[in-house]
Amino acid sequence: MGQRIHFVVDPQGWCCMGLIILAWLYNTVFIPKVILFPHYEEGNISVVAVLCYYFCSLFCIGSLLRASVADPGKLPENPKIPITEREYWELCNKCNMMRPKRSHHCSRCGHCVRRMDHHCPWINNCVGEDNHWLFLQLCFYTQILSSYTLILDFCHYYYFLPLKKENWDVFVFRHELAVLRISAFMGLIILGGISRLFYTQLMGIFTDTTGIEKMSNCCEDISRPRKPWQQTFSEVFGTHWKILWFIPFRQRQPLRVPYHFANHV
């Protein structure tokens, strides 16, 4: 079964996501033109370095687009509750619908989401049970791409030999310093912010708690892992094959065994 498309009508989210796409386009267009291709032509770097950059760029934008339109776990209007799991459901006091425990009502999206972690304006979507794995991949590949860009910026000025065939009639070469300074500035800002976010996401998976549960302090001893980390990660990514945890272009199959807290949001 294919993954359902989920589109959030939120101008603020559109603006935030637009900024991310512009930053991605900037580095994907200018970094190869100013650094990768010229140094490849002069033999300073190999074709592997060029392919790796585009590989990271493709996986970064792929995980971003998929996370933004993937259904995070929106509950249907009339959910069918299995008899054996009725004790694990509750009534939402905002939309007056039955929902599984550990679900949360998103005021921005206007509906309940299964195992909701938070609403992220940068993907214009909630991060929930069904798209959490894509959000983690987005954080991971954004860190890789930002780090790669910063390394290339540094090597261009302090390690690689000066270019011999620069075309000074081209705009990017006439303003090379400004182009790379903007790239480095964006790389530092994005890397710093996304690294902190990625760390909190990993700790949440290790302890099997969501961001909302941490903020509401509803979990007992949230710093102690309840399950082996391999199991919690497999449940998030929908597969026990670790190599598939890094691939955004696939379908996720839920593996989660119902587990509920005595207190919940």
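This text walks through a predicted model of one protein chain, from its overall layout to a few individual residues.

Start with the inventory. The protein chain contains seven helices and six strands. Along the sequence they follow the pattern α-α-β-β-β-β-β-β-α-α-α-α-α. The six strands therefore fall between α2 and α3 in that order. Of the 265 residues in the chain, 48% are buried. The exposed surface is about 14500 Å², and carbon and sulfur atoms supply 65% of that area. Contacts often reach far along the sequence. Taking contacts between residues at least 6 apart, 65% join residues at least 24 apart.

Now turn to the record. The unreviewed UniProt entry lists residues 7-25, 45-65, 138-159 and 179-199 under "transmembrane region". Two of these spans can be set against the model. Residues 45-65 are 90% helix and 0% strand, with end C-alpha atoms 30 Å apart. For residues 179-199 the figures are 100% helix and 0% strand, and the end C-alpha atoms again lie 30 Å apart.

Helix α3 is a good place to look next. It runs over residues 132-158 and has 27 residues. What span should such a helix have? At 1.5 Å a residue the expected value is 39 Å, and the end C-alpha atoms are indeed 39 Å apart, so expectation and model agree. Burial tells a further part of the story. Because 20 of its 27 residues are buried, α3 is largely enclosed by the rest of the structure.

The nonpolar interior comes next. The largest nonpolar core has 44 residues. Within it, I35, Y53, I123, L152 and F237 touch the most other members. Helices α1 (11-41), α2 (47-69), α3, α5 and α7 each give two or more residues to this core. Which of them gives the largest share? That is α3, with eleven residues. A separate core of seven residues lies apart from the largest one, and C106, C109, V113 and M116 are among its members.

Y53 shows how the main core is knitted together. Leaving aside neighbours within four places in sequence, Y53 is in contact with N27, T28, I31, P32 and L36. Its contacts also include L145, Y148, T149 and L152. L152 is another of the residues that touch the most other core members.

F237, also on that list, belongs to helix α7, which covers residues 229-237. There T232, F233, S234, E235, V236 and F237 are buried. The cover over the buried residues of α7 includes α3 and α5 (176-207). Just after α7 comes G238, whose phi is positive, near 75 degrees.

Some polar residues are buried too. D10 sits in the segment before α1. Its relative accessibility is 9%, below the 20% cut-off, so D10 counts as buried. The side chain of D10 makes a polar contact with the side chain of R108, at 3.0 Å. Beyond residues up to four places away in sequence, D10 touches R108, H119 and N124.

Follow that last contact to N124. This residue is in the loop between β5 (118-120) and β6 (125-127). N124 is buried, with a relative accessible area of 5%. Its phi is positive, near 55 degrees, in a residue other than glycine.

N124 also leads to S68. S68 lies in helix α2. It is buried, with a relative accessible area of 6%. Not counting residues up to four places away in sequence, S68 touches H6, M17, I123, N124 and N125. I123 is one of the residues that touch the most other members of the largest core. Inside the helix, a polar atom of the S68 side chain lies 2.8 Å from the backbone oxygen of L65.

One more loop residue deserves a look. D208 is found between α5 and α6 (211-216). Is D208 buried or exposed? At 2% relative accessibility, D208 counts as buried. The phi of D208 is near 55 degrees, a positive value in a residue other than glycine.

Definitions and conventions. Residues numbered from 1 in each chain as written. Predicted model: local features only at pLDDT ≥ 70, side-chain atom pairs only at ≥ 80, totals over all residues. Heavy atoms only, no water. Helix = DSSP H or I, 4+ residues; strand = E, 2+ residues; numbered from the N terminus. Expected span 1.5 Å × (residues − 1). Buried < 20%, exposed > 50% of the residue type's maximum accessible area, 1.4 Å probe, protein only. Contact = heavy atoms within 4.5 Å. Core = buried A, V, L, I, M, F, W, Y, C linked by side-chain atoms within 4.5 Å. UniProt positions renumbered as here; feature names shortened; annotations may be inferred. Areas by Shrake-Rupley, 256 points an atom, 1.4 Å probe, with all protein chains shown as cover. Polar contact = N/O pair within 3.5 Å; in protein donor to acceptor, adjacent residues only side chain to side chain.
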